[in-house]
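Q: Please take one helix of this protein and look at it closely. I would like to know what lies on each side of the helix, what covers it, and how its surroundings are held together.

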Amino acid sequence: MTSNTALLEQILYRPEEVAVVLRIGRSTVYEEIRLGRLRTVRIGRRRLVPPEYVTAYVELLKREAQAAA
């Protein structure tokens, strides 16, 4: 298994790695991708997530939390 430090230095994450970084389930990552809340890029048939899209997703979650408060 890849260490979390190595994951932070990657240019593109697999959805399973995004789940580790965000500490959420793999199925939740795929659901958020399906809903368009977590953006991805495609290389062939693979879906990969750049770190800036992970950051944008976290910012979305923060905005939603503030709106709900």
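A: What follows starts with the whole chain, then turns to helix α3 and its surroundings.

This is a predicted model, in which local features need pLDDT of at least 70, side-chain atom pairs count only at pLDDT 80 or more, and totals for chains, interfaces and linings use all residues. Residues are numbered from 1 along each chain as its sequence is written, and side-chain values use heavy atoms, with hydrogens and water left out.

The protein chain has four helices and two strands. Helices (H or I, at least four residues) and strands (E, at least two) are DSSP runs, numbered from the N terminus. Along the sequence the pattern reads α-α-α-β-β-α. The accessible surface of the chain is about 5000 Å², and 53% of that belongs to carbon and sulfur atoms. Areas come from the Shrake-Rupley method with a 1.4 Å probe; for residues, only the protein chains shown count as cover. Of the 69 residues, 25% count as buried. Buried means under 20% relative accessible area, exposed over 50%, and partly exposed in between (1.4 Å probe, protein chains only).

Now the helix. α3 spans 26-35. Its buried residues are V29, E32 and I33. Seen down the axis of α3, these buried residues fall within an arc of 100 degrees, so they line one face of the helix. The arc is taken from the directions from the helix axis to the C-beta atoms. An α-helix has 3.6 residues a turn, so residues three or four places apart point the same way. On the other side of α3, S27 and R34 are exposed. After the helix comes G36, with a positive phi near 85 degrees.

What sits over the buried face? The cover includes α2, β2 (46-48) and α4. Contact here means heavy atoms within 4.5 Å. I33 is in contact with P15, L38, T40 and R47, leaving aside neighbours within four places in sequence.

Two of the buried residues of α3, V29 and I33, also belong to the largest nonpolar core. That core has ten residues: Y13, V18, A19, V29, I33, L38, V49, Y53, V54 and Y57. A nonpolar core is a set of buried Ala, Val, Leu, Ile, Met, Phe, Trp, Tyr and Cys residues joined through side-chain atoms within 4.5 Å. Helices α2 (15-22), α3 and α4 (51-68) each supply at least two residues of this core. α4 gives the most, with three.

E32 brings a charge to the buried face. E32 is buried, with a relative accessible area of 10%. R37 forms a salt bridge with E32, the closest N and O atoms being 2.6 Å apart. A salt bridge is a side-chain nitrogen of Lys or Arg within 4 Å of a carboxyl oxygen of Asp or Glu. R37 itself is partly exposed, at 26% relative accessible area.

T40 is one of the contacts of I33. T40 lies in the loop between α3 and β1 (41-43). T40 counts as buried, with 18% relative accessibility. Not counting residues up to four places away in sequence, T40 touches I33, R47, L48, V49 and Y53. The side chains of T40 and R47 are joined by a polar contact of 2.6 Å. A polar contact is a pair of N or O atoms within 3.5 Å; within protein, one must be able to donate a hydrogen and the other to accept it, and residues adjacent in sequence count only if both atoms are side-chain atoms.

Next, the covering helices. E17 lies in helix α2 and is buried, with a relative accessible area of 8%. The side chain of E17 makes a polar contact of 3.3 Å with the side chain of Q10. R14, E16 and E17 are linked in a network of salt bridges. Within it, R14 pairs with E16, the closest N and O atoms being 3.9 Å apart. R14 is partly exposed at 38%, and E16 is partly exposed at 29%.

In α4, K62 and E59 are three residues apart, about one turn of the helix. They form a salt bridge, with the closest N and O atoms 3.3 Å apart. K62 is partly exposed at 45%, and E59 is partly exposed at 34%. The structure holds six salt bridges.
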